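User: Could you take a close look at one part of this protein for me, the place where its largest pocket sits? I would like to hear what lines that pocket and how the surroundings are built.

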Amino acid sequence: MKVKIGKASDNDFVINDPQVSRYHALLTQDENRDLLLEDLGSTNGTFVNDCQIVKKRVTSEERVTFGTAYTVSIHDILKRDNDYSEEFVRLKDVYDGYIKEKIRIQSSNQFKTRLFQSLPFAVIGVAGIVLGFMGHTNKGLFVFSFILAVCAPTIGIYFGARQAAKIPAQLQRLANQFKIDYVCPKCGTFLGEIPWESLSNKKRCPVSSCRAKWIRT
């Protein structure tokens, strides 16, 4: 990818500043996504971090001054046509990961809830039956076995309810992080729980002040 920078209208990134040359600089991105900024013999120079350059490798976070006053970030130059398609693609993993984790939390807790509900009943209930059988001639042992058999369901319900109560908190923490991560890469608007594939069909952000391109056309 090559981005021509300058005052002339046929540049890719046009700068309306009298101190900027008609064809001032060239920003190139190679197949490894490395960025190279080259001054094209401008009158007033190109500066990166206040140092004048002829040709220099840069990062998207760096700011560049063309001429004496016009300063812009490399990131803004790359987004000259409002194209955020590369950032939008990464949101697919965010959405898929959210759904996968949501299902895991629900299924895992449902299993544990059933386990906690049934295990006390099985263990204590069986113990009560065994003791009752062994103590059929002993009234005290028989009464104790009866109490165990009666308490087993209550204990199971208690532990099952405790496990089930953990689900809303876990889902809320997951949802809170999802609201931070699943946003328009430009304006930061939360995209809801709309599947990524459905959003991609819209091709761009619906926020009128943003309209970032999500799908490169």
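Analyst:
**The largest pocket and its surroundings**

Sixteen residues, 16 in figures, line the largest pocket, and Q29, R33, L78, K79 and E86 are the ones nearest its centre. Please keep in mind that this is a predicted model. The space in the pocket comes to about 350 Å³. By character, the lining divides into three nonpolar, four polar and nine charged residues. Two helices, α1 and α2 (85-134), each supply at least two of the lining residues, and the largest share, four residues, comes from α2.

Let's start from one of the central lining residues, Q29. Q29 belongs to strand β3. Is Q29 buried or exposed? Its relative accessible area is 15%, which is under the 20% cut-off, so Q29 counts as buried. Leaving aside residues up to four places away in sequence, Q29 touches M1, D34 and L35.

From Q29 we can follow β3 into its sheet. This is an open sheet of five strands in the order β2-β1-β3-β4-β7, and the pairing is mixed. At the edges stand β2 (13-14) and β7 (55-58); each has a single partner strand, so one side of each is left without a neighbour in the sheet. Between β1 and β3 the pairing is antiparallel, over four bridges, and V3 stands opposite L27 of β3.

L27 is a good residue to pause at. With residues up to four places away in sequence again set aside, L27 touches M1, K2, V3, I5, L35, L36, L37, V58, I74, I77 and L78. One of these contacts, L78, is also among the residues nearest the centre of the pocket. M1 and L35 are touched by L27 and also by Q29.

L27 also leads us to the nonpolar interior. The largest nonpolar core has 18 residues, and I5, L27, L37, F66, I74 and I77 have the most contacts inside it. At least two residues of this core come from each of β1 (2-6), β3 (25-29), β4 (35-39), β8 (63-66) and α1 (74-78). The largest share, three residues, comes from α1. So to speak, α1 serves both places: α1 supplies residues to this core and to the lining of the pocket. There is also a second, separate core of 17 residues, which includes L91, Y95, C184 and L191.

One more contributor to the largest core deserves a look, namely β8. Strand β5 (residues 46-48) is joined to β8 by three bridges, and the two run antiparallel; here V48 stands opposite V64 of β8. β8 also pairs with strand β9 (residues 70-73) in the antiparallel sense, over four bridges, with R63 opposite S73 of β9. These two strands, β8 and β9, form a hairpin with three residues between them, and G67 in the turn has a positive phi of about 75 degrees.

Finally, here is the wider setting. The protein has four helices and nine strands, and along the sequence the pattern reads β-β-β-β-β-β-β-β-β-α-α-α-α. Of the 217 residues, 34% are buried. Among contacts with a separation of 6 or more, 42% are between residues 24 or more positions apart.

Methods: Residues numbered from 1 in each chain as written. Predicted model: local features only at pLDDT ≥ 70, side-chain atom pairs only at ≥ 80, totals over all residues. Heavy atoms only, no water. Core = buried A, V, L, I, M, F, W, Y, C linked by side-chain atoms within 4.5 Å. Buried < 20%, exposed > 50% of the residue type's maximum accessible area, 1.4 Å probe, protein only. Contact = heavy atoms within 4.5 Å. Pairing = 2+ DSSP bridges. 1 Å grid on protein atoms, 1.4 Å probe; cavity = no way out; pocket = protein on both sides within 12 Å on 5 of 7 lines; lining within 4 Å. Points joined across faces, edges and corners; volume = space filled by probe spheres on them. Nonpolar A, V, L, I, M, F, W, Y, C, P; charged D, E, K, R; others polar.
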